[in-house]
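Trainee: I would like a close look at a single part of this model. Please take one element and follow it through, residue by residue.

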Amino acid sequence: MTQNSRLTRLQALAQMIRDRDLARLQKLAMARNETRARVQNLSKPVPLVEDPALFTVRQLHAKWALDQRMQLNRTLAQQTARLIEQRDKAARSLGRADALAQLCKGKSGTGPSRKY
């Protein structure tokens, strides 16, 4: 196997890893956005009422909503941490794929060769 064919296969592998990492990043971002939307929906104010039964129900709902917001905020923090980790992985795989693409261009003779 020649060095050019190895480099080409390595470039293809790096591109697949890059695509996988970007897909994971997009999936995590969508999940985090969904959680943010759920928190915002729970935070909408409700007007006061004079009916004691309805007032009691709204108070119970407000407590439930507070508990849900706390749980969703924990989930949101975890999702944000995973998103940051995945962003770093995606950046590395993008860099690797780009570096291998530049190497392949330089080896094939079709692209500009960089000499440092």
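Let us start from one residue. Where is Arg96 found? Please build the picture outwards from there.

Mentor: Arg96 is found in helix H2. That helix covers residues 52-108. It is the part to examine. Keep in mind throughout that the model is predicted.

First, the setting. The protein chain has two helices and zero strands. Its C-alpha trace spans about 80 × 25 × 20 Å along the principal axes. The radius of gyration is 25 Å, whereas a compact globule of 116 residues would have one near 13 Å. Burial is scored for each residue, and 19% of the 116 residues count as buried. The accessible surface comes to about 9,000 Å². Carbon and sulfur atoms account for 57% of that surface.

Contacts add to this. Take the pairs that lie at least 6 apart in sequence. Of these contacts, 80% join residues at least 24 apart. Keep that figure in mind for the partners of the two glutamines below.

Now back to Arg96. Its relative accessibility is 53%. The threshold for exposed is over 50%, so Arg96 counts as exposed. Arg96 also gives us a distance along the sequence. Met70 is 26 residues away from Arg96 in sequence. In space, their C-alpha atoms are 39 Å apart.

Leu103 gives another such distance. Its place is in helix H2. Leu103 and Leu60 are 43 residues apart in sequence. From C-alpha to C-alpha, Leu103 and Leu60 are 64 Å apart in space. At 42% relative accessibility, Leu103 counts as partly exposed.

Set Leu66 beside that. Leu66 is found in helix H2. Its relative accessible area is 42%, which puts Leu66 among the partly exposed residues. Its listed pair is Leu42, 24 residues away along the chain. The C-alpha atoms of Leu66 and Leu42 are separated by 8.0 Å. Put the pairs together. Leu66 and Leu42 are 24 residues apart with 8.0 Å between them, while Arg96 and Met70 are 26 residues apart with 39 Å between them.

Next, the buried positions. Gln79 is found in helix H2. Its relative accessible area is 9%. Buried means under 20%, so Gln79 is buried. What does Gln79 touch, leaving aside neighbours within four places in sequence? Its contacts are Ala31, Arg32 and Thr35.

Gln86 is found in helix H2 too. Gln86 is buried, with a relative accessible area of 5%. Apart from neighbours within four places in sequence, Gln86 contacts Asp21, Arg24, Leu25 and Leu28. Both glutamines thus have a relative area that meets the buried cut-off of under 20%.

Asp21 deserves a second look. This partner of Gln86 is itself buried, at 4% relative accessible area. Asp21 also forms a salt bridge with Arg20. The closest N and O atoms of that pair are 3.0 Å apart. Arg20 is partly exposed, with a relative accessible area of 40%. The bridge therefore joins a buried acid to a partly exposed arginine.

How many salt bridges does a search of the whole structure find? The count is three. Another of them joins the side chains of Arg18 and Asp19, at 3.2 Å from N to O. Arg18 is partly exposed at 23%, and Asp19 is partly exposed at 41%.

Helix H2 has a salt bridge within its own length. Lys63 and Asp67 both lie in helix H2. They sit four residues apart, about one turn of the helix. Their side chains meet in a salt bridge, 3.2 Å from N to O. Lys63 counts as exposed at 51% relative accessibility. Asp67 is partly exposed, with a relative accessible area of 34%.

One charge figure belongs to the whole chain. There are 23 positive and 9 negative charges. The mean positions of the two sets are 13 Å apart.

To sum up helix H2: Gln79 is buried, and so is Gln86. Lys63 is exposed, as is Arg96, the residue you began with. Leu66 is partly exposed, and Leu103 is as well.

Definitions and conventions. Residues are numbered from 1 along each chain as its sequence is written. This is a predicted model: local features need pLDDT of at least 70, side-chain atom pairs count only at pLDDT 80 or more; totals for chains, interfaces and linings use all residues. Side-chain values use heavy atoms; hydrogens and water are left out. The radius of gyration is taken over C-alpha atoms; the globule rule is 2.2 Å times the number of residues to the power 0.38. Buried means under 20% relative accessible area, exposed over 50%, partly exposed in between (1.4 Å probe, protein chains only). Contact means heavy atoms within 4.5 Å. Accessible areas come from the Shrake-Rupley method with a 1.4 Å probe; for residues, only the protein chains shown count as cover. Lys and Arg count as positive and Asp and Glu as negative; His and the chain ends are not counted. The place of a charge is taken as NZ of Lys, CZ of Arg, CG of Asp or CD of Glu. A salt bridge is a side-chain nitrogen of Lys or Arg within 4 Å of a carboxyl oxygen of Asp or Glu.
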